[in-house]
Amino acid sequence: MSVVTGLAAAETFARHFTTTLSTALRAVSHVQVRSVGQMTYDEYVREIPNPSYLAILTLEPLSGSSVFHIPLPIVMTAIDRLLGGAGSGALPERPLTDIEDGLVKGLMARILHELAYSFE
């Protein structure tokens, strides 16, 4: 896949991701592509904020694994919105509970569906 094709797929995904978040969270959301590239896991991990929500993915038929990252403050805001809250105010800085993890996994399933659609 060329960088141009990857960028077009990423931009399609960003549009669908925006719609999925806006619908699921009942709030105006915006997702945009910052860059498309390849780097080592070590380089990537040094750039992401700590703490973060990381999902390890296999993208068949491709070999290897991929990482899907969402900063933890965004995850906590999404959880608050999913549970009927306003998504504002102080956010907890702690690991997710089992219930919160289930909510995020449900949202991630919807997001990953859009990722697959964007690369078809």
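1. Buried here means under 20% relative accessible area. Leucine 115 has 16% relative accessibility, so leucine 115 counts as buried. That cut-off applies to the other burial calls below as well. The model is predicted.

2. Overall architecture. The chain holds 4 helices and 2 strands. Along the sequence, their order is α-α-β-β-α-α. The two strands therefore sit mid-pattern, with a pair of helices before them and a pair after, given that elements are numbered from the N terminus.

3. Dimensions. The radius of gyration is 15 Å. A compact globule with 120 residues would come out near 14 Å, so the chain agrees with that expectation. The C-alpha trace spans about 40 × 30 × 25 Å along its principal axes.

4. Burial and surface. Of the 120 residues, 29% count as buried. The accessible surface of the chain is about 8,200 Å². Carbon and sulfur atoms account for 58% of that surface.

5. Contact range. Take the contacts between residues at least 6 apart in sequence. Of these, 45% join residues at least 24 apart.

6. Charges. The chain carries 8 positive and 12 negative charges. The mean positions of the two sets are 7 Å apart.

7. Leucine 115. This residue lies in helix H4, which covers residues 98-119. Setting aside residues up to four places away in sequence, leucine 115 touches Phe13, Leu57 and Leu59. Phe13 belongs to the span of helix H1 (3-25), and Leu57 closes strand S1 (52-57). The C-alpha atoms of leucine 115 and alanine 14 are separated by 8.8 Å, although the two residues are 101 apart along the chain.

8. Leucine 107. This is another residue of helix H4. Its relative accessible area is 10%, so leucine 107 is buried. Its contacts, not counting residues up to four places away in sequence, are Leu21, Ala24 and Ala78. From leucine 62, which is 45 residues away along the chain, leucine 107 is separated by 23 Å between C-alpha atoms.

9. Glutamate 114. Check this one. Glutamate 114 also lies in helix H4. The residue is buried yet has no salt bridge. Arginine 110 is the nearest side chain of opposite charge, and it is 7.0 Å away. A salt bridge needs a side-chain nitrogen of Lys or Arg within 4 Å of a carboxyl oxygen. Beyond its neighbours within four places in sequence, glutamate 114 is in contact with Phe13, His16 and Thr20. Phe13 is also touched by leucine 115.

10. Cis peptide bonds. Two deserve a look. The bond from asparagine 50 to proline 51 is cis, with omega near 10°. Proline 51 sits in the loop between helix H2 (41-47) and strand S1 (52-57). The bond from glutamate 60 to proline 61 is cis too, with omega near 15°. Proline 61 is in the loop between S1 and strand S2 (66-71).

11. Backbone at arginine 26. What is the sign of phi at arginine 26? The value is positive, near 55°, in a residue other than glycine. Arginine 26 lies in the loop between helix H1 (3-25) and H2. With a relative accessible area of 47%, arginine 26 is partly exposed.

Conventions: Residues are numbered from 1 along each chain as its sequence is written. This is a predicted model: local features need pLDDT of at least 70, side-chain atom pairs count only at pLDDT 80 or more; totals for chains, interfaces and linings use all residues. Side-chain values use heavy atoms; hydrogens and water are left out. The radius of gyration is taken over C-alpha atoms; the globule rule is 2.2 Å times the number of residues to the power 0.38. Buried means under 20% relative accessible area, exposed over 50%, partly exposed in between (1.4 Å probe, protein chains only). Contact means heavy atoms within 4.5 Å. Accessible areas come from the Shrake-Rupley method with a 1.4 Å probe; for residues, only the protein chains shown count as cover. Lys and Arg count as positive and Asp and Glu as negative; His and the chain ends are not counted. The place of a charge is taken as NZ of Lys, CZ of Arg, CG of Asp or CD of Glu.
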